[in-house]
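Reader: I am new to this structure. Could you teach me how to read it, one feature at a time?

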Amino acid sequence: MGGDSKRAMVPTTSAKYPQLAPRPVGKQIHHLYRDRLGLFTNSGQYKEQSLVAKLYDGRLSGEPHVKLHVWSAPDLTRPTFKEATAKGNEYRKTQKGESFGPSWSTHWFKLQFTLPYEWTYKPQVELHWDSNSEAMVWTEDGKPLQGLTGGGERTEWIIPQEFRDYDKEHTIYIEMACNGMFGNPTGGDTIQPPEPNRYFQLGEADLVSVNLNARALYYDFWIIGDAAREFPEDSWEEHQALQVCNEIMDCFIAGEGSRPCIKECREIAKRYVGDKVDSAEVYKTDNDAIVNAIGNCHIDTCWLWPWAETQRKIARSWSNQCDLLDRYPEHRFVASQAQQYKWLEQLYPYAMDRVKDHIKKGNFQTIGGSWVEHDTNMPSGESLVRQFLYGQRFFESRFGERCRTFWLPDTFGYSTQLPQLCRLAGMNRFFTQKLSWNNINNFPHTTFNWVALDGSQVICHMAPCETYTAEAHFGDVKRSVTQHKSMDQDATSLLPFGKGDGGGGPTFGHLEKLRRCRGISDKVGLLPRVKMAESVDEFFDRLEKKAANGETEFVTWYGELYLELHRGCYTTQANNKRNNRKSEVLLHDIEYLATLATIEGEKEYKYPKKALDGMWEDVLLCQFHDCLPGSAIEMCYRDSDEAYARVFKTGQKLLQDAIGALGFDDSLKGLEHQHDVTLETLGWKREQEVCDLVSPNSLSRSVTVQQTGKDVFVLENEQLKVEVTEGAITSLYDVAAKREVLPKGQKSNQLVIFDDKPLYWQAWDVEVYHLNSRKELKASSSTTITEDSAHRVAVSTTTKISEKSWIKTTISLSAATDSSKPSLVETEAEVEWHETMKFLKVEFPTNIRNTEASYETQYGIIRRPTHYNTNWDMAKFEVVCHKWADLSEHGYGVSILNESKYGFAAAGNLMRLSLLRAPKAPDAHADMGRHHIKWAIMPHAGPLDERTVRAGYEFNYPAHVHKHPEPASIAHLMSAFKLTPGSSPSLVVDTIKRGEDDEDVSNGDMPAKKGRHVIVRVYDSLGGLSRGTVTLGPIKVKKAWKCNLLEDEQEEVKIGKEGLEIELRTFEVASYKLLLE
């Protein structure tokens, strides 16, 4: 069987396996070799023996190569380049080691440098400037080149080739701002109020020759080291990464860090990262990538610094990006906020030209479509519209295109009507990540359809890296998959990277790290493959296509995206919020009256478009997501106070101009001129119930007040009987319904105070445990009758809050002039507030039972739980509302109205309106001082309906009376744009204004259009199909269209006999464009 055949012993390998073991070899102690890696690149005790010591091969400091002179701007001013370099300014000699300040001051340095001959041939020479503060490099002729961060970050400016000539002195200027990237916080805690006397030491002002191979190895080693640290220890990829890193270190030690050995180290690294990581070629493979990196630079328009510093941050940050876009062809950078582009255009035209050039190339990309990255909880519906209208018009007028993606990564929750408004503003996709900050529940989706109250949807993507300021680490790429919650539908994600909040944006290091992450994915695998996204729009285009062709059915999320954090922002900085509400009301009234005045007013009158634009831009700016919520430093509120003062000053003049153009004249005297006319700016005719509008003899029903016991008073009209005991309401009896509103033994309008110490974010947060510290406030004075007339009665009480604080409340009841209209129990409060970390609220217990309460939101109603069944329910222990909140059961309910508040809660049968907070960071004086607050209780028989909606409007839009010589002459005109009596009562005519680009109105940003147009914005307020007619009075309309928020005509509509006939779906917001004859 072949047993005798001889088998040749042929070796199977050319290498000879030793017979004898030459030496013992132990297994690597894994964690020791892994921990060893940090010794190679950190700045600890082995710095001089590590790679860090080889990053630079030459340094020039001081004269004769570097000469420094400085001029300090006076009085914390921020002079322009021209002002700073004026002949009269004396620049004194200075040097490294000198300190400059105080906080917020500005110092201009004249830096003259000369390169020695041998340096003209160096591969890369940089100026390293570190004043431990922000700074900007300027050319000698006044061109801003690049921002510098300081404190070891972004301290380098590459010397351009034209400055590299031998033995010739070149001059640049450096503008030093005495603030860090996050302002000047006290004690190093970012959110603490600014330290006013902070000084910054100039630590570095050197010319440096860069060892480019050593710098490249630094990033090779960083990312391979991350693979060794973050890949699973049971994977071969992790073990190989660790071996490569240790081999690099051994090679470096053996070669004593020489240039040849560094090159050899890089060759070792290429075994793991590949051989293309030194250029954009690394991305040019056929392998599909699922992580889409996009550079961004979130610049808070105000936060821990004032607006004026933001303006400089924009120039610094975007100049940096223009430089990187020139150097890295794969880089793509997005920037939002039209306001910031406008500031750059006004203050830094050279920088704006650089931005425009890159926008044309397609690598600097506009995004967001709004004026600022605004809060979405508290602005009115019309304010949200104007954020988009002004934002989109700016982008289109400057860059020729509108934004397609709403970009809002850092706002504190997202209103339920945003998807509808986005669609109407030309955007059907939305990006954020803020819900990753939830401190109770984990939001369950990454990519999904977000659905508004009316059913409109946008594709929403929340970056699974869970930040908008990713450092482009290995872990950021990895987490873009491991934290992705929508993998079943689509595995792709966005990775927004770049320094943010205080600006800056991506660094060259970020781009180098991403190249190596991609190299590892292609060479080794396991790490998700990353690419530089061509654009955010391209990312969403693919998702949209998958949804449109039925390839993927994304999950849905209906209603608000509630952030389970920063709930205190509904209340902090009360006066700022009050100014917002009052500004919105004022603008509404001006636009309505000015529109009428341009139609049938004085011929000389012109619609004040330019002035209105200025007012709106101020209001929209103040709605930035750290300004309106109350989470900025005190300096920001000085800025916003000045802006609101401009708004109110301009607004009052515009209001008087419009009223005058309509023929009103309050100076008229004599019997023949005693014609009082109520200016009604709302879309319905309200009953006259304000005391100034009626004569006591005209009242068919009375109202009374009487004292019935010690500190006990009863206020009564035909609808309500209100008992007030020691300043609180102890009985609220509905006479018509024969029903007591309050639970037995409980008190309504009860002031309560809570201890308010959140875990960290003082101005932002209120935590659920604060409810355990509830304390009732007792009246400190006897209640007195302060009004007793035929049309209104009132009682007043003063309550001492502490030794420094008090509140005076006046509870009033007016005569009931209309049995179909519920009476209000109104309260006016004057507060002197000087507390520390306390929360003042007012409570309204009821006899109502419902598992949900209703809250007015922009253009609709949102319903939230009144119970704590789940953590999702309990997380909403403090929520936002607009003009009213309501708790109703079958047949009866109670509405709480307010005219300047946004924080509210409903738990069980208890309703609670938030009044004032007292955080001490980042503004140590937030809310301190005098406040005036109004609210009202409105019991109502029947369900929540238009009575509450209209009462909320009327409570916020008080009627005003003016004198007119011939009221009949304008009565017909004043009837225009009102709903006919047969219209659905759920309809609200919210806005009347002129067309943006009418030739008699246009501000010139966009091409003017012939004719005169009126925009009519209407919405369904209750949630159902609504039909109605908007009367036009004497106004003749030639043609009408339904249009979007940007006033693009969409479909023609007909004008009926009575006016504009409309039909809206549930909670629809509809805009109509009328061409006048």
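Author: Start at the surface. This is a predicted model. At 42% relative accessibility, Ile-29 counts as partly exposed, because that class runs between 20% and 50%.

Reader: Where along the chain does Ile-29 lie?

Author: Ile-29 sits in the segment before helix H1, which spans 30-35.

Reader: Which residues form a nonpolar patch with Ile-29?

Author: Leu-32 and Tyr-33 do. Together the three have about 270 Å² of accessible area on the surface.

Reader: What about the inside? Where do nonpolar side chains tend to be in soluble globular proteins?

Author: They tend to be buried together. Here, the largest nonpolar core has 154 residues. Trp-318, Tyr-341 and Phe-977 have the most contacts inside that core. Helix H17, residues 634-661, gives the most to it, with 11 residues.

Reader: What does Trp-318 touch, beyond residues up to four places away in sequence?

Author: Its partners include Ile-299, Phe-333, Tyr-341, Leu-344, Val-355 and Phe-364. Ser-336 and Gln-340 are also among them.

Reader: Which residues does the second, separate core include?

Author: Leu-217, Phe-252, Ile-268 and Leu-527 are among its 67 residues.

Reader: Now a polar side chain. Is His-882 buried or exposed?

Author: Buried, because its relative accessibility is 7% and the cut-off is under 20%. His-882 is in the loop between strand S38 (879-880) and strand S39 (884-889).

Reader: Which backbone oxygen lies 2.8 Å from a polar atom of the His-882 side chain?

Author: That of Asn-377. Asn-377 is also on the contact list of His-882, which leaves aside neighbours within four places in sequence. Others on that list include Met-378, Pro-379, Arg-581, Glu-856 and Lys-901.

Reader: Let us turn to the backbone. What is the usual pattern for phi and for peptide bonds?

Author: Most residues other than glycine have a negative phi, and most peptide bonds are trans. Look for the exceptions. A cis peptide bond joins Glu-63 and Pro-64, with omega about 10°. Pro-64 is in the loop between strand S1 (56-61) and strand S2 (66-72).

Reader: Which peptide bond is cis with omega near 5°?

Author: The one from Ala-921 to Pro-922. Pro-922 is in the loop between strand S42 (910-917) and strand S43 (929-941).

Reader: And phi? Which residue other than glycine has a positive value near 75°?

Author: Asp-501. Look for Asp-501 in the loop between strand S20 (493-497) and helix H13 (508-523). Asp-501 counts as buried because its relative accessibility is 14%.

Reader: What is phi for Gln-573?

Author: About 60°, a positive value, although Gln-573 is not a glycine. Gln-573 is in the loop between strand S22 (556-558) and helix H15 (574-600). With a relative accessible area of 8%, Gln-573 is buried.

Reader: One last feature: residues far along the chain that meet in space. How many residues apart along the chain are Ala-280 and Glu-330?

Author: They are 50 residues apart, yet their C-alpha atoms are separated by 5.8 Å. Ala-280 is in the loop between helix H6 (259-273) and strand S13 (291-296). Ala-280 is buried, with a relative accessible area of 14%.

Reader: Which residues does Ala-280 contact, leaving aside neighbours within four places in sequence?

Author: Pro-329, Glu-330 and Arg-515.

Technical notes:
Residues are numbered from 1 along each chain as its sequence is written. This is a predicted model: local features need pLDDT of at least 70, side-chain atom pairs count only at pLDDT 80 or more; totals for chains, interfaces and linings use all residues. Side-chain values use heavy atoms; hydrogens and water are left out. A nonpolar core is a set of buried Ala, Val, Leu, Ile, Met, Phe, Trp, Tyr and Cys residues joined through side-chain atoms within 4.5 Å. Buried means under 20% relative accessible area, exposed over 50%, partly exposed in between (1.4 Å probe, protein chains only). Helices (H or I, at least four residues) and strands (E, at least two) are DSSP runs, numbered from the N terminus. Contact means heavy atoms within 4.5 Å. Patches are made of residues with over 30% relative accessible area and no salt bridge: like charges are joined within 9 Å, nonpolar side chains (Val, Leu, Ile, Met, Phe, Trp, Tyr) within 5 Å. Accessible areas come from the Shrake-Rupley method with a 1.4 Å probe; for residues, only the protein chains shown count as cover. A salt bridge is a side-chain nitrogen of Lys or Arg within 4 Å of a carboxyl oxygen of Asp or Glu. A polar contact is a pair of N or O atoms within 3.5 Å; within protein, one must be able to donate a hydrogen and the other to accept it, and residues adjacent in sequence count only if both atoms are side-chain atoms.
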